[in-house]
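The following exercises practise the reading of a protein model, from the contact between chains to the surroundings of a single residue. Please attempt each task before consulting its solution.

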Amino acid sequence: MRLKSKHRAGALIPTASMADIAFLLIVFFMVTISFEKDKTQVTLPSTELRFEIPKEVATISITRHGQIRVTKGEAMSTPAQMEDVLGFASDLALQYPGRAVVLKADSDVPYEKVDKVLDSLKQARVELIYLLSDAEKVADDGP
Amino acid sequence: MKLNRPSQDAEIPTSTMADIAFLLIIYFMVTATFAATRGLDFALPKDDDSPPIVEKEDSVLIEIQPDGQYVVDAKAMRLEEIFDYLKPKLEANPKKPVILRPQPNSNYGYMVDVFDTLRHIKVRTLDNGAREAYQVTSAQIREAEEQETDLGKDVNVSIPTQREIDAFWF
């Protein structure tokens with residue numbers, strides 16, 4: 001028995017495993033996270049009814065000034081013109097058949113622009129569209 | 001110079017590792033919760049080969065004016081009145097098409113408001129065979145999804161685009 005080597009062992013809290021636990025948590029978050037592919041700032045319309053949107057979706061965003069950004073859901077969104085949307089939607093339908101499209105349009109955008117985007121999506125035979133929305137504001141003191 | 005200490009254990013300082021890891025965790029948690037991932041779903045007609053033939057007389061037409069006024073079958077209405085107007089029509093014919101026609105310069109938000117209202121309306125068949133149109137809450141819908149119960153049929157909403165209107169309507 002070699003007990004005489006150290007006469008005073010300092011009180012230690014074992015912190016070595018802390019990093020392991022933390023990294024496990026990081027891995028969990030990294031696997032579950034889905035980064036927002038489109039970071040456009042828009043004031044979304046608010047709805048009472050809101051359904052969960054699947055993770056793998058294409059996104060088309062329209063700002064209040066009519067600027068459009070599109071992404072198929074793999075890379076970050078890129079700016080596009082209204083005329084490009086039909087091409088984008090057709091490509092999408094070919095590349096990822098059945099993938100839903102999220103329309104992230106500003107609540108104040110003139111309907112005309114949304115109409116053109118919807119028309120392109122219809123022509124490209126996209127089957128499912130999600131209208132991205134915010135939760136309804138409680139007790140709006142309107143008229 | 002005290003260089004003559006016999007053998008010191010080589011140690012890698014790992015105590016800061018946990019700090020770095022927790023910082024990363026916080027970063028991932030913050031970015032994960034900010035993504036908006038909810039909205040209204042809206043199924044488009046599956047086959048474009050058969051154009052959506054909507055008979056104007058048979059359907060309910062909801063027009064949205066640029067100032068946010070709703071005109072339902074040529075009568076101005078508030079959002080809350082639409083259900084009362086649709087109720088008898090839907091009970092007579094649950095498949096009655098409701099057409100949304102926002103004016104080009106009206107706001108997108110108004111269309112979403114009406115669409116949201118219409119999505120709350122369901123038509124169910126009662127035990128005595130009669131049909132009833134009623135409004136559901138989002139809590140009821142969530143509950144029905146979990147328990148896989150049937151709340152009834154959705155309203156048949158169509159939002160024709162300007163091109164379709166030009167091509168098929170007039």
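**Exercise 1: The contact between the chains**

In this predicted model, 43 residues of chain B are in contact with 45 residues of chain A. Determine which elements of chain B contribute two or more residues to the side that touches chain A, and what kinds of residues make up that side.

*Solution.*
- Step 1. The elements of chain B that give two or more residues to this side are α1 (15-33), β1 (38-43), α3, α4 (138-147) and α5 (162-169).
- Step 2. The largest share comes from α1(B), which supplies eleven residues.
- Step 3. Sorted by kind, the residues of this side of chain B comprise 22 nonpolar, 14 polar and seven charged.
- Step 4. Strands also link the chains: β1(B) and strand β2 (residues 51-52) of chain A run antiparallel and are joined by two bridges. Within this link, A:E52 stands opposite B:R38.

**Exercise 2: The two chains in outline**

State how many helices and strands each chain has, and what percentage of its residues count as buried.

*Solution.*
- Step 1. Chain A has three helices and eight strands, in the order α-β-β-β-β-β-α-β-α-β-β along the sequence.
- Step 2. Chain B has five helices and nine strands. From its N terminus, the pattern is α-β-β-β-β-α-β-α-β-β-α-β-β-α.
- Step 3. Of the 143 residues of chain A, 34% are buried; for the 170 residues of chain B, the value is 19%.
- Step 4. Consider contacts between residues at least 6 apart in sequence. Those joining residues at least 24 apart make up 67% in chain A and 68% in chain B.

**Exercise 3: A helix checked by its length**

Compare the expected span of helix α1 (residues 16-32) of chain A with the distance between its end C-alpha atoms.

*Solution.*
- Step 1. At 1.5 Å a residue, the 17 residues of this helix should span 24 Å.
- Step 2. The end C-alpha atoms are 26 Å apart, which agrees with the expectation.
- Step 3. As for its surroundings, α1(A) is hardly covered, since the count of buried residues among its 17 residues is zero.

**Exercise 4: An enclosed strand**

Is strand β6 (residues 101-105) of chain A largely enclosed or not enclosed by the rest of the structure, and which strands pair with it?

*Solution.*
- Step 1. Five of the five residues of β6(A) are buried, so this strand is largely enclosed by the rest of the structure.
- Step 2. In a regular strand, side chains alternate between the two faces of the sheet.
- Step 3. Both faces of β6(A) are covered: A:V101, A:L103 and A:A105 are buried on one side, A:V102 and A:K104 on the other.
- Step 4. Strand β3 (residues 58-62) of chain A pairs with β6(A) in the parallel sense over five bridges, with A:I62 opposite A:A105.
- Step 5. Strand β7 (residues 128-132) of chain A also runs parallel to β6(A), joined by three bridges; here A:L103 stands opposite A:L131.
- Step 6. Together, β6(A), helix α3 (residues 111-123) of chain A and β7(A) form a right-handed β-α-β unit.

**Exercise 5: The nonpolar core**

Identify the residues with the most contacts inside the largest nonpolar core, and describe the contacts of A:L103.

*Solution.*
- Step 1. The core has 52 residues, and those with the most contacts inside it are A:V101, A:L103, A:Y130, B:M111 and B:V114.
- Step 2. Helix α3 (residues 108-119) of chain B gives the most to this core, namely seven residues.
- Step 3. Leaving aside its neighbours within four places in sequence, A:L103 is in contact with A:I60, A:V117, A:I129, A:Y130, A:L131 and A:L132.

Terms used:
Residues numbered from 1 in each chain as written. Chains lettered and ligands numbered in written order. Predicted model: local features only at pLDDT ≥ 70, side-chain atom pairs only at ≥ 80, totals over all residues. Helix = DSSP H or I, 4+ residues; strand = E, 2+ residues; numbered from the N terminus. Expected span 1.5 Å × (residues − 1). Buried ≥ 20, exposed ≤ 12 C-beta atoms within 10 Å, placed from the backbone. Core = buried A, V, L, I, M, F, W, Y, C linked by C-beta atoms within 7 Å. Contact = placed C-beta atoms within 7 Å. Nonpolar A, V, L, I, M, F, W, Y, C, P; charged D, E, K, R; others polar. Pairing = 2+ DSSP bridges. Right-handed = clockwise from strand over helix to strand, strands pointing away.
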